[in-house]
Amino acid sequence: ILKCVPPGDKPLKEELNACSNYFDSEISNLKKLKVIITLGKVAFENCIKFYKKKNNINFKHGKTYILTKKIILIACYHPSPRNVNTKLLNEKKMKRIFDKVLKLI
């Protein structure tokens, strides 16, 4: 959803709203899209919002969600230095996500 790093790594609602049109346009242009990996909770929540899914869908790293009949969403922690340094995310966990994608496509 964002192409920049906001101050404090926490985007403001105004920043998300300003960028959402670009995100919506990019997703709409991907005609053969099958799988989306969201990098972080912010991307996950905005992807859920774009596809107008229920608000009770919760972010969980590695979990698979059905967005449409043709599109699957996989939640992933953001590969930020903070998540890597705290061992929340590592190469092995990222590889599992991409292995899952390969099986799905």
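**Notebook: strand S3, helix H2 and a lysine loop**

Leu73 sits in strand S3, which runs over residues 72–76. I am working from a predicted model. I looked up the burial of Leu73 and got a relative accessible area of 0%, so I log Leu73 as buried.

Next I listed the contacts of Leu73, skipping neighbours within four places in sequence. The list holds Ile36, Thr38, Phe44, Cys47, Ile48, Lys63, Thr64, Tyr65 and Leu67. I also checked one pair by distance. Leu73 and Asn58 are 15 residues apart in sequence, and their C-alpha atoms are 12 Å apart in space.

**Entry: Thr38**

Thr38 is on the contact list of Leu73, and I followed it up. Thr38 belongs to strand S1, residues 35–39. Is Thr38 buried or exposed? I find a relative accessible area of 3% for Thr38, so it goes down as buried.

I then pulled the contacts of Thr38, again leaving out residues up to four places away. They are Ala43, Phe44, Cys47, Leu73, Ile74, Ala75 and Cys76. Ala43, Phe44 and Cys47 in that list are among the buried residues of helix H2.

**Entry: helix H2**

H2 covers residues 41–50. Which residues of H2 are buried? I noted Ala43, Phe44, Asn46, Cys47 and Ile48. I recall that an α-helix has 3.6 residues a turn, so residues three or four places apart point the same way.

I asked what the buried residues of H2 pack against. The partners are helix H1 (13–29), strand S1, strand S2 (64–66) and strand S3. Just after H2, I found Lys52 with a positive phi of about 55°.

**Entry: cysteines**

Cys47 touches both Thr38 and Leu73. Cys47 has 0% relative accessibility, so I count it as buried. I searched the whole structure for disulfides and found 0. Why does Cys47 have no bond to another cysteine? The closest cysteine sulfur is in Cys76, and it is 13 Å from the sulfur of Cys47, which is too far for a bond. A disulfide needs the two sulfur atoms within 2.5 Å.

**Entry: Lys60**

I moved on to the loop between H2 and S2, where Lys60 has its place. Lys60 has a relative accessible area of 52%, so I mark it as exposed. The cut-off for exposed is over 50%.

Leaving out residues up to four places away, Lys60 touches Tyr65 and Ala75. Tyr65 is also a contact of Leu73, and Ala75 is also a contact of Thr38. Lys60 and Ile74 are 14 residues apart in sequence and 8.9 Å apart in space, C-alpha to C-alpha.

**Entry: whole chain**

I counted 4 helices and 3 strands. In sequence order the pattern reads α-β-α-β-β-α-α. The radius of gyration is 14 Å, close to the 13 Å from the globule rule for 105 residues, so the chain is as compact as a globular protein of that length. The C-alpha trace spans about 35 × 35 × 25 Å along its principal axes.

Of the 105 residues, 33% count as buried. For contacts between residues at least 6 apart in sequence, 45% join residues at least 24 apart. I put the accessible surface at about 7800 Å², and carbon and sulfur atoms hold 57% of that.

Last, I looked at charge. The chain carries 23 positive and 8 negative side chains. The centres of these two sets lie 11 Å apart.

Note on methods
Residues are numbered from 1 along each chain as its sequence is written. This is a predicted model: local features need pLDDT of at least 70, side-chain atom pairs count only at pLDDT 80 or more; totals for chains, interfaces and linings use all residues. Side-chain values use heavy atoms; hydrogens and water are left out. Helices (H or I, at least four residues) and strands (E, at least two) are DSSP runs, numbered from the N terminus. Buried means under 20% relative accessible area, exposed over 50%, partly exposed in between (1.4 Å probe, protein chains only). Contact means heavy atoms within 4.5 Å. The radius of gyration is taken over C-alpha atoms; the globule rule is 2.2 Å times the number of residues to the power 0.38. Accessible areas come from the Shrake-Rupley method with a 1.4 Å probe; for residues, only the protein chains shown count as cover. Lys and Arg count as positive and Asp and Glu as negative; His and the chain ends are not counted. The place of a charge is taken as NZ of Lys, CZ of Arg, CG of Asp or CD of Glu.
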